[in-house]
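Me: Please take me slowly through one part of this structure, chosen so that its surroundings also become clear. I am seeing the model for the first time, so please explain each term when it comes up.

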Amino acid sequence: MADRSDKLRTVICLGDIHGYLTKLLNLWSNLQSQIDPDSFNTATIIFLGDYCDRGPDTRKVIDFLISLPKRYPNQKHVFLSGNHEFAFAGFIGVLEGDFEAKETWKEYADNEEIEGWYKGEGYEKMHLQGRIWGGWFDVAQGIDSKGSIFDAAPTFGSYGVSHGSSELMKVVPEDHKKFLADVVWVHEEDDVCIETQEGVKHCKLIAVHAGLEKGKNVREQLEFLKAKDVSVPQVTGLSGRKNVWDIPEELTETIVVSGHHGKLHIEGLRLIIDEGGGLERNPLAAIVLPSMKIVRDTDNLS
């Protein structure tokens with residue numbers, strides 16, 4: 001007789017929030033009301049990254065995320081880094097590990113003017129992604145972005161400073177700096193159940209913001225992501241696109257879940273949960289395992 005799904009561990013994977021506190025609160029409320037209390041209160045909740053930028057409330061979003069372990073002590077919370085957190089952390093100087101700033105710029109130096117890299121106080125020791133994040137893409141290109149390529153201006157604003165201001169490094173609270181320093185680049189979970197047409201499958205789960213590259217050794221990729229090597233100019237697992245869309249062929253019976261791509265895409269064990277894409281008009285979504293149910297912030301709205 002098959003296991004009943006309500007007896008199995010609940011794993012919730014929550015897509016890119018991008019500074020939209022109201023969406024996050026509504027989605028959290030809907031998850032709470034649509035999942036039985038015992039399962040919700042003991043769930044593993046994996047946040048897939050990109051908590052900042054685009055929306056207006058990055059500071060309050062991070063406050064909410066930081067509050068969860070105390071408010072829900074029997075839940076397990078996993079906070080993945082997105083490419084946006086990597087860049088935010090790079091700007092305020094909290095990336096863990098050693099790197100030579102100028103070495104991270106070299107490969108992309110031809111883009112400095114067109115992308116309007118940050119050149120203000122402290123830029124000499126700043127990681128490439130931080131310089132791009134705090135720069136002025138709209139000034140360089142005449143394109144309607146919110147400050148930089150990352151749409152970072154609302155994040156600066158949520159901390160009470162103007163876009164590109166070095167004051168941000170001083171006004172971000174210490175617990176936010178710790179959160180940004182501690183987010184993980186990859187998370188692995190054993191024995192995650194998923195309902196399929198053939199019944200309940202017991203799988204390994206790998207969560208990474210953008211995905212894993214096909215054609216490259218998976219174990220080496222996982223080791224690199226776990227090490228959080230900040231000496232590279234950009235991290236493919238956090239910022240890749242087509243090259244990380246599919247599951248590497250060497251992985252079997254493995255769920256690979258990501259956000260990042262601005263789409264809700266479920267194909268076999270490849271789960272991409274980013275229906276919002278950081279756009280105000282789009283819903284914020286999560287997937288609940290083992291049921292594969294999609295829950296949105298808009299579910300209870302008429």
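Reply: A nonpolar core is a set of buried Ala, Val, Leu, Ile, Met, Phe, Trp, Tyr and Cys residues joined through side-chain atoms within 4.5 Å, where buried means under 20% relative accessible area, exposed over 50% and partly exposed in between (1.4 Å probe, protein chains only). The model is predicted, so local features need pLDDT of at least 70 and side-chain atom pairs pLDDT 80 or more, while totals for chains, interfaces and linings use all residues. Residues are numbered from 1 along each chain as its sequence is written, and side-chain values use heavy atoms, without hydrogens or water.

The largest nonpolar core holds 88 residues, and those touching the most other members are Leu31, Phe47, Tyr51, Leu65, Phe88 and Leu168. Its largest share, 6 residues, is supplied by helix 4, and that is the part I would like to follow (helices are DSSP runs of H or I with at least four residues, strands are runs of E with at least two, and both are numbered from the N terminus). In soluble globular proteins, nonpolar side chains tend to be buried together.

Helix 4 spans residues 83–92, and 10 of its 10 residues are buried, which makes the helix mostly covered. Among these buried residues are Asn83, His84 and Glu85, along with Phe86, Phe88 and Phe91, and Phe88 is also one of the core residues that touch the most other members. The cover over the buried residues of helix 4 includes helix 3 (58–71), helix 7 (128–133) and helix 9 (153–158), as well as helix 10 (168–171), helix 11 and helix 13 (236–239). Just after helix 4 comes Gly93, with a positive phi near 80°.

Another of the well-connected core members is Leu65, and its contacts (heavy atoms within 4.5 Å), once neighbours within four places in sequence are set aside, are Ile17, Leu24, Phe47, Tyr51, Phe79 and Phe179. Two of these partners, Phe47 and Tyr51, are themselves listed with Leu65 in the core.

Helix 4 also takes part in the lining of two spaces. On a 1 Å grid over the protein atoms alone, a cavity is a set of points where a 1.4 Å probe fits but cannot get out, a pocket is an open set with protein on both sides within 12 Å along at least five of seven lines, and lining residues have an atom within 4 Å of a point. There is 1 cavity of 30 Å³ or more, and the largest cavity has a volume of about 80 Å³ (the space filled by probe spheres set on grid points joined across faces, edges and corners). Of the 13 residues lining this largest cavity, Leu95, Leu180, Ala181, Trp185 and Lys228 lie nearest its centre. Helix 4 and helix 11 (174–182) each give the lining at least two residues, and helix 4 gives the largest share, 3 residues. By type, the lining of the largest cavity has 9 nonpolar, 1 polar and 3 charged residues (nonpolar being Ala, Val, Leu, Ile, Met, Phe, Trp, Tyr, Cys and Pro, charged being Asp, Glu, Lys and Arg, and polar the others, Gly among them).

The largest pocket encloses about 420 Å³ of space. It is lined by 24 residues, and Asn83 is one of those nearest its centre, together with Gln129, Phe150, Gln234 and Ser239. Helix 4, helix 7 and helix 13 each supply at least two residues of this lining, which divides into 8 nonpolar, 10 polar and 6 charged residues.

For contrast with helix 4, consider the charged pairs elsewhere. The whole structure contains 17 salt bridges (a side-chain nitrogen of Lys or Arg within 4 Å of a carboxyl oxygen of Asp or Glu). One of them joins Glu189 to Arg9, with the closest N and O atoms 2.7 Å apart. Glu189 belongs to strand 4 (187–196) and Arg9 to the segment before strand 1 (11–14), so this bridge ties together parts that are 180 residues apart in sequence. Glu189 is buried at 6% relative accessibility, whereas Arg9 is partly exposed at 32%. Another bridge pairs Lys204 with Glu188, whose closest N and O atoms are 3.0 Å apart; it links distant parts of the chain, since Lys204 is in strand 5 (199–207) and Glu188 in strand 4, 16 residues apart. Lys204 is partly exposed, with a relative accessible area of 26%.
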